[in-house]
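Below is a short briefing on one protein model. It covers the overall make-up first, then one helix, two loops and a surface patch.

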Amino acid sequence: NSEAVIWKCHPDQVAMAIEQQLANPQNSMVVSGVSVWTKGDKGKARGIQGEVAIGNFEVVPSDKIPIVFRTLLAQEMLSGVNLFKMLEVANEAWTNAGMRCILQVH
């Protein structure tokens, strides 16, 4: 199922895939951010699996990936005007994954 595939690409690779009609912008998402966790034998969690084990991260069930991805595609570039709207989209995606939502949007 191509809807359940997530690719990490350089911007040039995305542009080429769109030009060659292997992908389209409507099914693409740009994600920017950093998540840091300890590696090796230091720290309580010891890598991403440890972070999942202690509850800092959750794994989206495979059967929920398509609806989560479709929901996340509704996001727009974050601005001072749409912050609450984008938090609502993130909450909807999290809820669609069957996870408990911890973000409160007022």
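**Overall make-up**

Read from the N terminus, the elements of the protein follow the order α-α-α-α. The model is predicted, and it has 4 helices and 0 strands.

- Of the 106 residues in the protein, 14% are buried.
- The protein has an accessible surface of about 8700 Å². Carbon and sulfur atoms account for 58% of that surface.
- Among contacts in the protein with a separation of 6 or more, 41% are between residues 24 or more positions apart.

**Helix H3 and its cover**

- Helix H3 spans residues 65-72, and its buried residues are Pro-66, Val-68, Phe-69 and Thr-71.
- Helix H4, residues 83-96, is included in what covers these buried residues of H3.

**The loop between H3 and H4**

Two residues of this loop are described here, Leu-78 and Asn-82.

- Is Asn-82 buried or exposed? Asn-82 has a relative accessible area of 7%, and it counts as buried because this value is under the 20% cut-off.
- The side chain of Asn-82 makes a polar contact of 3.4 Å with the side chain of Glu-76.
- When neighbours within four places in sequence are left aside, the contacts of Asn-82 are with Glu-76 and Met-77. Glu-76 is thus named both in this contact list and in the side-chain polar contact.
- Leu-78 has a relative accessible area of 55%, and it counts as exposed because this value is over the 50% cut-off.
- With neighbours within four places in sequence again left aside, Leu-78 is in contact with Leu-83 and Met-86.
- In this loop, then, Asn-82 is buried, whereas Leu-78 is exposed.

**The nonpolar surface patch**

- Which residues make the nonpolar surface patch of about 300 Å²? The patch is made by Ile-48, Val-52, Phe-57 and Val-59.
- One of these residues, Phe-57, sits in the loop between helix H2, residues 47-53, and H3.
- Phe-57 has a relative accessibility of 31%. Phe-57 counts as partly exposed because this value lies between the cut-offs of 20% and 50%.
- Patch residues must have over 30% relative accessible area, and Phe-57, at 31%, satisfies that condition.

Conventions
Residues numbered from 1 in each chain as written. Predicted model: local features only at pLDDT ≥ 70, side-chain atom pairs only at ≥ 80, totals over all residues. Heavy atoms only, no water. Buried < 20%, exposed > 50% of the residue type's maximum accessible area, 1.4 Å probe, protein only. Contact = heavy atoms within 4.5 Å. Patch = residues over 30% accessible without salt bridge, like charges linked within 9 Å, V, L, I, M, F, W, Y side chains within 5 Å. Areas by Shrake-Rupley, 256 points an atom, 1.4 Å probe, with all protein chains shown as cover. Salt bridge = Lys/Arg side-chain N within 4 Å of Asp/Glu carboxyl O. Polar contact = N/O pair within 3.5 Å; in protein donor to acceptor, adjacent residues only side chain to side chain.
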